[in-house]
Structure formats: C-alpha cells, structure tokens
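Q: Hi! Could you walk me through this structure? I'm new to this, so plain words please.

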Amino acid sequence: MKAKDFATDIENDWCAGCGDHGILHALEKAFAALELQKHDIAVFGGIGCSGKTPYYLDTNGIHTLHGRVLPFATGAKLANPELTVIAVGGDGDGLGIGAGHFANAGRRNLDITYLLYNNGVYGLTKGQASPTLRQGEQTRAMPEPGIQTDLNPVMLALTSGFTWIARGYAYDIHQLSSLIQSAITHRGSAFLEILQPCPVYNNLHDKKWYEENGIRDYPRLYSLQQEDYDAVIQADADNHTRDEKFSQCMMKAREWNDRIPTGLFYQDLQAKEMTRQISERQSFYLALSPAKQPVTENSKYTINSNELFSRLKV
Ligand SMILES: Cc1ncc(C[n+]2csc(CCOP(=O)(O)OP(=O)(O)O)c2C)c(N)n1
Ligand code: SF4
Ligand SMILES: [Mg+2]
C-alpha cells in the first residue's frame, strides 16, 4: 500500500497553509511504511479542526465528542487489542475539556498512539486561547493578552505515565512520519505533541517563527536525537537510571522560545502494557477478545453481554 492509498476523496476544508495538512501526509506515509492494512487501523478524532482527520484517512475511524477522544480509543483497543488505534485532537480538546482523560490514558499504558495538534488556539471556534498559549501572549482574535499560565503537554504526559513521549513539527513530514511509526510500534501509551501552525488565528507562532533562528545562528527547532540525548529506559535499567531519564525529560520539556526540542523525549521499555496485564488475569482475553466473540447467529443477536462482562472482570 502506498501513502496516497490512505487518502479519501472527501473534500478537505482545512485552510491553506494549515499545519494539519502536513500531519495528514505524515500519517499516510507512516501507515504505508509500516505496511499496515486499512482494516487494521482505527483513527479517532476529537472535536476541532484537528478532529476532522478521520474523514481524510481511508481507515476505520470515528469523529467523536469534544474532549472524549481518548475514552473512544481506549474502548476500541480493549475490545480489539489487535487494532492499531490512533487518537488525534487539538490542544483545547485534549488539555482543556479532555484533560482528565489525558492523565488517565497515560497511566493505563494501553497500546494506543495519541497525537495532540498544538496550535495554541481553539481553531474551529475562531481563535480563542487554548491551554498551551503562554501567559501574556495575545493572538489575533484575543481582545487582551492571556492571564493564565500554560500547560506543558510533554511534562503532563510524563507525569501522567505515558511510556513514549515525543514532539514533532507539522511541516517536517519526514521526521514526523518516523515519529508516528515509532509511536505505533511502541508497546504502550504513546504521546506525540505536534507543533502545528494555524496561520489564520495564531499569528505569533507561525511557520516563519518556527523555522527562523532562535538565538544567535541556532535554528529554533532542533532534534534531540541529533544531540547526545538518549531517551530510552532499557528493560534492565535500575531505579537511578529511571530517575535520570525522568529528570532529563523534564528539563528538555521546559525549553521553549529560543530553542525548541523535537524528537523522542522519553521511552520506558520496562512498563507493562495494559492488555498484557489483563491477559495475565484472564488468559483467554487476547485469543477471544470482545471483538472476536460471536454476536449473531442466523441474523439473531445472541451475545450475552452480562456473561461477557463478568468473564472479563479483572
Ligand atoms: C462539549 C463541547 N463544548 C464546546 C464545544 C465547542 N468547541 C468545538 S471545537 C472547540 C475547541 C477546538 O480547539 P482545539 O481542540 O484546540 O482544536 P483545533 O480546532 O485548534 O484543531 C470547542 C470549544 C463543543 N463542540 N462541545
Ligand atoms: S482555523 Fe487554523 S487550525 Fe483550523 S483549519 Fe484553519 S488554519 Fe487550520
Ligand atoms: Mg487547537
């Protein structure tokens, strides 16, 4: 399958120049590179410009509810652990109304990939400040500078328990696509923040700002992996090493403005993935997950959901 085979012919109504276009291409490229089949993928979108992504990908998918994309993705993965489950949504969707789900998705360590499109604004509803906009900043649609402090997505993902954490840039499609591939292949909860210019409402952090030099002649965006940064907690690492990896991720998460890191911040290869934990208690779970239970016989609904749920209790 080629990248373009994952495209749909549904009319795309994202604005010209929107970073969402780059993210869509990176997703298509990642699916093709991993040789995934369309029916093996399910993409769930929140509500926002970003949340429309499932329409533009020829895979399974649902445009869900504002802030509720992670519960949908969680349910799908638990019902069918063989699916490649991708959740996508905006910074308002994930860190405003959906913040509680964000934290709890991290700590479950379920094998899903969550892409947060960070544009600093509520794009769909015409440019109000999102929770990632920094205190004192005033974008085009705001009558006054913001007075609240910002949430740091990488820091929040780390303290919530996500076991794979990275940041990409919407217009570096090559790096973004390879980050999406690593997120999908990681066995656990993967969080990818994507710096996504919204040229219509965020006039502060546009493509030009991201791509110009920050301080002296240093590019503002740089890749952690091109520096001497090792993000990975290996399976046999001791507690001291774990603490060090946690701290270095926090330090890097704080960098902004003059130098902005991209790439892999943190990966924990020790944490046990949730469906594996369930199958240790319910040995039939992976072989006979809810998606594999017969539902009908001779067009009659036969499943006994009470019995199924009581068997799945962990
Ligand atoms: C329960 C609920 N509250 C509010 C809204 C209105 N609403 C729609 S999208 C949105 C925010 C979108 O911003 P973001 O999640 O950052 O996505 P973007 O458009 O920037 O991609 C809001 C508040 C809604 N649809 N449902
Ligand atoms: S409003 Fe902003 S985020 Fe939404 S499609 Fe247009 S450029 Fe993209
Ligand atoms: Mg947004």
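A: Sure, we can go through domains, helices and a few single residues.

Q: Before we start, what kind of model is this?

A: This is a predicted model.

Q: Okay, which domains does the protein chain have?

A: The domain assignment gives domain 1, covering 3-275, and domain 2, covering 284-312.

Q: How far apart are the C-alpha centres of domain 1 and domain 2?

A: Those centres lie 34 Å apart.

Q: And how many residues of each domain are in contact?

A: 4 residues of domain 1 are in contact with 4 residues of domain 2. On the domain 1 side, the touching residues split into 2 nonpolar and 2 polar, with no charged ones.

Q: Let's switch to helices. How do people describe two that pack together?

A: Two packed helices are described by the angle between their axes and by the distance between those axes.

Q: Cool, so what are those values for helix 4 and helix 5?

A: Helix 4 (residues 99-108) and helix 5 (residues 153-160) pack at an angle of about 50 degrees, and their axes are 8 Å apart. Because of that angle, helix 4 is oblique to helix 5. Their crossing is right-handed.

Q: Which residues meet there?

A: From helix 4, Phe-102, Ala-103, Gly-106 and Arg-107 meet Leu-156, Ala-157 and Ser-160 of helix 5. Sorted by class, this contact has 4 nonpolar, 2 polar and 1 charged residues.

Q: What about helix 5 and helix 8, at what angle do they pack?

A: Helix 5 and helix 8 (residues 239-253) pack at about 160 degrees, with axes 8 Å apart. Helix 5 and helix 8 are therefore roughly antiparallel to each other.

Q: Is that crossing left-handed or right-handed?

A: The crossing of helix 5 and helix 8 is left-handed. Val-154, Met-155 and Leu-158 in helix 5 meet Phe-246, Cys-249, Met-250 and Ala-253 in helix 8. By class, that contact has 7 nonpolar residues, with no polar and no charged ones.

Q: You mentioned Met-155. How far is Arg-254 from Met-155?

A: In sequence, Arg-254 and Met-155 are 99 residues apart, and in space their C-alpha atoms are 8.0 Å apart. You will find Arg-254 in the loop between helix 8 and strand 11 (260-268).

Q: Does Arg-254 count as buried or exposed?

A: Arg-254 counts as exposed, because it has 11 C-beta neighbours inside 10 Å, and exposed means 12 or fewer.

Q: New topic: which residues of helix 2 are buried?

A: In helix 2 (residues 69-79), the buried ones are Val-69, Leu-70, Phe-72, Ala-73, Thr-74, Lys-77 and Leu-78.

Q: And what covers them?

A: The cover includes strand 1 (41-45), strand 2 (60-63), strand 3 (84-90), helix 3 (91-97), helix 4 and strand 4 (113-118).

Q: Last thing: what is the phi of Glu-35?

A: Glu-35 has a positive phi of about 55 degrees, although it is not a glycine. Glu-35 sits in the loop between helix 1 (19-33) and strand 1. With 7 C-beta neighbours inside 10 Å, Glu-35 counts as exposed.

Q: And where does Ser-299 lie?

A: Ser-299 lies in the loop between strand 12 (296-297) and strand 13 (300-301). The phi of Ser-299 is near 60 degrees, a positive value in a residue other than glycine. Ser-299 is exposed, with 5 other C-beta atoms within 10 Å.

Definitions and conventions. Residues are numbered from 1 along each chain as its sequence is written. Chains are lettered from A and ligands numbered from 1 in the order in which they are written. This is a predicted model: local features need pLDDT of at least 70, side-chain atom pairs count only at pLDDT 80 or more; totals for chains, interfaces and linings use all residues. Axes are lines fitted to C-alpha atoms, for helices over the stretch in contact, and angles run from 0 to 180 degrees between N-to-C directions. Helices (H or I, at least four residues) and strands (E, at least two) are DSSP runs, numbered from the N terminus. Angles under 35 degrees count as roughly parallel, over 145 as roughly antiparallel, 65 to 115 as roughly perpendicular and the rest as oblique. A crossing is left-handed if the near helix is turned anticlockwise from the far one by less than a right angle, and right-handed if clockwise. Two residues are in contact if their C-beta atoms, placed from the backbone, lie within 7 Å. Ala, Val, Leu, Ile, Met, Phe, Trp, Tyr, Cys and Pro count as nonpolar, Asp, Glu, Lys and Arg as charged, and the others, Gly among them, as polar. Domain bounds come from an automatic or database domain assignment. A residue is buried if 20 or more other C-beta atoms lie within 10 Å of its own, exposed if 12 or fewer, and partly exposed in between; C-beta atoms are placed from the backbone.
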